[in-house]
Amino acid sequence: MSTTTTTATTSATATTTTTAATAATATAARTAVGRWGVTALALVIVAVLLFPLYWMFNASLQPSHALLSIPPRWFPADPTLDGYRAAFDTQGRHLLISLFVACGNVLVTLAVAAPLAWALAKFRLRYAGLLLFVLLIVQMLPGIVKANSLFTLYSEIGLLNNTIGLMLAQSTLSVPFAAVLLRAQLQQVPTEVVEAAALDGAGHWRTFLRIVLPMSRNGVITAGLFAFLFSWADFLFAITLTSREAVTPVTVGIYRFIGANTTDWNALMASAVLASVPAAILLVIAQRYIAVGVTGGSVKD
């Protein structure tokens with residue numbers, strides 16, 4: 001009787017173990033299939049999103065007449081660089097202007113936004129809350145309102161068709177954003193570090209430049225990158241505040257080039273590729289700082 005009971009118990013245990021193992025295997029298989037399905041869906045979405053970029057590059061290497069062929073050529077069978085030569089001839093100066101204005105906007109933005117963010121983060125300002133509210137409201141103003149207001153002001157003080165004026169105009173968009181972003185980052189700087197620097201004889205500016213900014217490198221790089229991208233992609237301020245070809249940035253340059261060369265798709269696509277390269281390079285270089293810089297200050301101890 002005892003032997004029979006033991007055998008039955010052992011068989012039941014083995015059956016239960018086998019069933020559990022089968023269920024675990026089935027669950028693992030379903031999980032693997034689910035993961036592969038999600039991965040495949042993500043790849044399809046990425047392919048759809050990146051296809052316009054691929055087609056832009058593909059078209060930039062094909063002669064203009066080949067782009068009108070039916071069916072379309074998915075790969076450049078006879079690649080040519082004529083479009084890039086035309087793009088450099090017509091847009092080279094505009095690219096340099098955009099690069100100069102964007103870098104200048106980064107310097108202006110960080111020079112204004114970083115001290116402002118530090119003051120809002122650590123100093124007991126009487127109207128700090130109101131100032132922060134104003135910064136948020138400024139970002140909500142339609143760009144056309146700012147552009148028209150600045151056009152009236154610039155026409156009075158002589159800053160129309162001026163790269164410095166364009167930098168200052170674009171900073172009205174990037175400074176409030178950078179100040180709000182950096183404030184969250186600078187709030188995480190330990191007060192003890194600042195107090196230790198003060199005990200060592202460092203003044204406010206020396207502490208800020210030598211200690212605070214290096215400790216907030218991710219936020220500073222992120223703010224600078226967004227300021228560059230805002231400026232590089234700006235069209236509204238550029239079309240409103242510049243009319244001379246000598247001070248036109250690349251966004252307006254491509255817009256006017258399209259109007260004058262509606263059939264030269266090869267050169268148009270090459271111009272678009274060249275305009276995308278600086279932003280793409282910066283994003284690749286700074287991507288490891290962006291996530292930390294954007295989320296800095298979002299979690300408090």
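Which residue caps the N-terminal end of helix 5? In this predicted model, that residue is N162, whose side-chain oxygen lies 2.7 Å from the backbone nitrogen of I164. The report below begins with the overall fold, returns to helix 5 and its surroundings, and then turns to side-chain pairs and internal space.

**Overall architecture**

The chain contains 11 helices and 0 strands. Its pattern along the sequence is accordingly written α-α-α-α-α-α-α-α-α-α-α. Of the 301 residues in the chain, 34% are buried.

**Helix 5 and the loop before it**

Helix 5 covers residues 163–186 and bends by about 40° at T172. A proline, P176, follows the bend site within four residues. At the N-terminal end of this helix stands the cap described above, in which a side-chain oxygen of N162 and the backbone nitrogen of I164 are 2.7 Å apart.

The loop between helix 4 (143–157) and helix 5 holds N161. Most residues other than glycine have a negative phi. N161 departs from that pattern, since its phi is positive, near 55°, although the residue is not glycine. N161 counts as buried because its relative accessibility, 17%, falls under the 20% limit.

**Salt bridges**

The model has 2 salt bridges. The table gives the accessibility of the four residues that take part in them.

| Residue | Salt-bridge partner | N to O distance | Relative accessibility |
|---|---|---|---|
| R85 | D82 | 2.7 Å | 49% |
| D82 | R85 | 2.7 Å | 45% |
| R256 | E245 | 4.0 Å | 29% |
| E245 | R256 | 4.0 Å | 47% |

The pair R85 and D82 belongs to helix 2, where the two residues are 3 apart and so separated by about one helical turn. Their side chains meet with an N to O distance of 2.7 Å. R85 counts as partly exposed at 49%, and D82 is also partly exposed, at 45%.

In the other pair, the closest N and O atoms of R256 and E245 are 4.0 Å apart. R256 lies in helix 10 (residues 250–260), whereas E245 lies in the loop between helix 9 (236–241) and helix 10, so this salt bridge ties together parts that are 11 residues apart in sequence. R256 is partly exposed, with a relative accessibility of 29%, and E245 is partly exposed at 47%.

**A buried serine in helix 11**

Helix 11 spans residues 265–295 and includes S271. With a relative accessible area of 1%, S271 is buried. A polar atom of the S271 side chain lies 2.9 Å from the backbone oxygen of A267.

**Internal space**

Rolling a probe the size of a water molecule over the atoms shows where empty space is left. In this model, the count comes to 1 cavity of 30 Å³ or more. The largest cavity has a volume of about 40 Å³.

Which residues line the largest cavity? They are S98, V101, Q170, S231, W232, D234, P249 and T251. The elements that give two or more residues to this lining are helix 2 (82–122) and helix 8 (217–232). By character, the lining divides into 3 nonpolar, 4 polar and 1 charged residue.

Terms used. Residues numbered from 1 in each chain as written. Predicted model: local features only at pLDDT ≥ 70, side-chain atom pairs only at ≥ 80, totals over all residues. Heavy atoms only, no water. 1 Å grid on protein atoms, 1.4 Å probe; cavity = no way out; pocket = protein on both sides within 12 Å on 5 of 7 lines; lining within 4 Å. Points joined across faces, edges and corners; volume = space filled by probe spheres on them. Nonpolar A, V, L, I, M, F, W, Y, C, P; charged D, E, K, R; others polar. Bend = angle between axes of the 7 residues up to and from the residue. Polar contact = N/O pair within 3.5 Å; in protein donor to acceptor, adjacent residues only side chain to side chain. Buried < 20%, exposed > 50% of the residue type's maximum accessible area, 1.4 Å probe, protein only.
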